[in-house]
Amino acid sequence: MKMGLNPDQFALVRVGSKTIEIRLNDEKRRRLQVGDLICFCNVADETQRVVKRVKSLRQFATFADLYSHYSPGSVGSAATDDIAQMVADTYTIYSPKQERRWGVVAIGI
């Protein structure tokens, strides 16, 4: 499966400090299984790619629920970010309406 990442998040996945990828639990993500490979592409330069194996999948109703289970660094946030800040940042990518429709998934990589 292929997934795009913004340059800052791509860099964190590449070096291995981001170990949890956060996504809507939409139809595409519902097909994921532990053991699958994901090809992450840098959306600013799609020639930059990194392949990671899915180690775990955990579903949550909301981003706030998800973020309460993981350290900020593991999900690609600054160590000083609180849950409210992480949710606000996520809402620049996904809408609350999308969150309500699909729920969210933490993809361990």
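Buried means under 20% relative accessible area, exposed means over 50%, and partly exposed lies in between (1.4 Å probe, protein chains only). The exercises below use a predicted model, where local features need pLDDT of at least 70, side-chain atom pairs count only at pLDDT 80 or more, and totals for chains, interfaces and linings use all residues. Residues are numbered from 1 along each chain as its sequence is written, and side-chain values use heavy atoms, leaving out hydrogens and water.

**Exercise 1.** Find out whether Tyr91 and Phe63 are buried, partly exposed or exposed.

*Solution.* Start with Tyr91: its relative accessibility is 32%, so Tyr91 counts as partly exposed. Now take Phe63: with a relative accessible area of 0%, Phe63 is buried.

**Exercise 2.** Describe the aromatic pair of Phe63 and Tyr91.

*Solution.* First, recall the rule: rings of Phe, Tyr and Trp (its six-membered ring) pair if their centres lie within 6.5 Å; planes under 30 degrees apart are stacked, over 60 edge-to-face, and the rest tilted. Next, apply the rule: Phe63 and Tyr91 are 6.3 Å apart, centre to centre, with 80° between the planes, an edge-to-face pair. Finally, look wider: Phe63, Tyr67, Tyr91 and Tyr94 form one aromatic cluster.

**Exercise 3.** Work out which residues Asn25 touches, leaving out those up to four places away in sequence.

*Solution.* Begin with burial: at 5% relative accessibility, Asn25 counts as buried. Then list its contacts (heavy atoms within 4.5 Å): Asn25 touches Arg30, Gln59, Trp102, Gly103, Val104 and Val105.
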